[in-house]
Amino acid sequence: MLETPHLTRAEGQPAAVIRLTIPRSQIQAVMGPGIGELVAAVKAQGIGPTGPVFAHYHTMTPDSFDFDIGVPVCAPVTPTGRVQAGSLPGGLVARTVYHGNYDGLHGAWGQFMEWIAAGGHAKAPDLWEVYVKGPDANPDPATWRTELNQPLLG
């Protein structure tokens with residue numbers, strides 16, 4: 001289920017990130033280990049995480065993703081291994097929340113993009129998902145919540 005989309009102003013957030021460019025088929029294999037690595041690094045530095053995990057997609061092709069796995073932090077990140085300082089951008093975004101299993105995200109994004117196009121909004125090239133509530137909180141996918149964010153131009 002997709003909540004009614006709306007426009008809002010996002011606040012920029014400092015974050016710890018791991019940048020990845022991978023074939024689309026590898027997304028499920030890299031997310032779990034990447035999240036574990038991020039959380040361990042920010043906990044070891046005593047700077048977070050201060051909010052839920054996100055994936056910030058810089059570019060997507062039919063075959064690959066170029067994106068950051070990230071977590072918000074409360075202080076500057078000391079680079080360690082693949083973990084680097086990063087951020088989520090601020091500015092005008094279209095936002096909605098998807099309820100359900102991650103397998104339904106592709107369809108939810110499709111519906112969301114239709115809403116954005118119908119409103120005549122010009123999209124920035126990037127987008128991000130915030131995994132507000134997932135399998136770590138409850139194994140029942142009906143309880144999972146993923147915030148979808150599409151930055152807008154203008």
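Visitor: What pattern does the protein follow, read along the sequence?
Guide: This is a predicted model. Read from start to end, its elements run β-β-α-β-β-β-β-α-β-β. That makes two helices and eight strands.

Visitor: Why is the protein called as compact as a globular protein of that length?
Guide: Set its radius of gyration against the globule rule. The radius is 15 Å, and the rule gives 15 Å for 154 residues. The two are close, so the protein counts as compact as a globular protein of that length. Its C-alpha atoms fill a box of roughly 45 × 35 × 30 Å along the principal axes.

Visitor: What share of the contacts joins residues 24 or more positions apart?
Guide: Take contacts with a separation of 6 or more. Residues 24 or more positions apart account for 75% of them.

Visitor: How many of the residues are buried, as a percentage?
Guide: Of the 154 residues, 43% are buried. The cut-off is under 20% relative accessible area. The accessible surface comes to about 7800 Å². Carbon and sulfur atoms hold 57% of that surface.

Visitor: What makes a group of residues a nonpolar core?
Guide: Its members must be buried, be of a nonpolar kind such as Ala, Tyr or Phe, and be joined through side-chain atoms within 4.5 Å. The largest core here has 34 residues. Ala16, Tyr57 and Phe67 touch the most other members. Strands S2, S3, S4, S6 and S7 and helices H1 and H2 each give two or more residues to this core. H1 gives the most, with seven residues.

Visitor: Why might nonpolar side chains gather like this?
Guide: In soluble globular proteins, nonpolar side chains tend to be buried together.

Visitor: Which residues is Tyr57 in contact with, beyond its neighbours within four places in sequence?
Guide: Contact needs heavy atoms within 4.5 Å. By that test, Tyr57 is in contact with Ile27, Phe65, Asp66, Phe67, Asp126, Leu127, Glu129 and Tyr131. Another core lies apart from the largest one. This other core has eight residues, among them Phe54, Val93, Trp128 and Val130.

Visitor: Why is Leu148 called buried?
Guide: Its relative accessible area is 0%. The cut-off is under 20%, so Leu148 is buried. Leu148 is found in strand S8, residues 145–151. Away from its sequence neighbours, Leu148 touches several residues, including Leu2, Ala94, Tyr98, Leu105, Trp109, Phe112 and Trp128. Tyr98 is 50 residues from Leu148 in sequence, and their C-alpha atoms are 7.2 Å apart.

Visitor: Why is Lys123 called partly exposed?
Guide: Its relative accessible area is 42%. Partly exposed lies between the 20% and 50% cut-offs, so Lys123 falls in that class. Lys123 is found in the loop between H2 and S7. Not counting residues up to four places away, Lys123 touches Met113, Ile116, Gln150, Pro151, Leu152 and Leu153. Lys123 and Gly107 are 16 residues apart in sequence and 18 Å apart in space, C-alpha to C-alpha.

Visitor: What about Gly51: which class does its relative accessibility give?
Guide: At 25%, Gly51 is above the 20% cut-off and below the 50% one, so Gly51 counts as partly exposed. Gly51 is in the loop between H1 and S3. Ala15 is 36 residues away along the chain, and 9.7 Å separates their C-alpha atoms.

Visitor: What makes the peptide bond from Gly48 to Pro49 cis or trans?
Guide: Look at omega. For the bond from Gly48 to Pro49, omega is near 5°, and the bond is cis. Pro49 is found in the loop between H1 and S3.

Visitor: How many positive and negative charges are there, and how far apart are their mean positions?
Guide: There are 9 positive and 13 negative charges. Their mean positions are 3 Å apart.

Definitions and conventions
Residues are numbered from 1 along each chain as its sequence is written. This is a predicted model: local features need pLDDT of at least 70, side-chain atom pairs count only at pLDDT 80 or more; totals for chains, interfaces and linings use all residues. Side-chain values use heavy atoms; hydrogens and water are left out. Helices (H or I, at least four residues) and strands (E, at least two) are DSSP runs, numbered from the N terminus. The radius of gyration is taken over C-alpha atoms; the globule rule is 2.2 Å times the number of residues to the power 0.38. Buried means under 20% relative accessible area, exposed over 50%, partly exposed in between (1.4 Å probe, protein chains only). Accessible areas come from the Shrake-Rupley method with a 1.4 Å probe; for residues, only the protein chains shown count as cover. Lys and Arg count as positive and Asp and Glu as negative; His and the chain ends are not counted. The place of a charge is taken as NZ of Lys, CZ of Arg, CG of Asp or CD of Glu.
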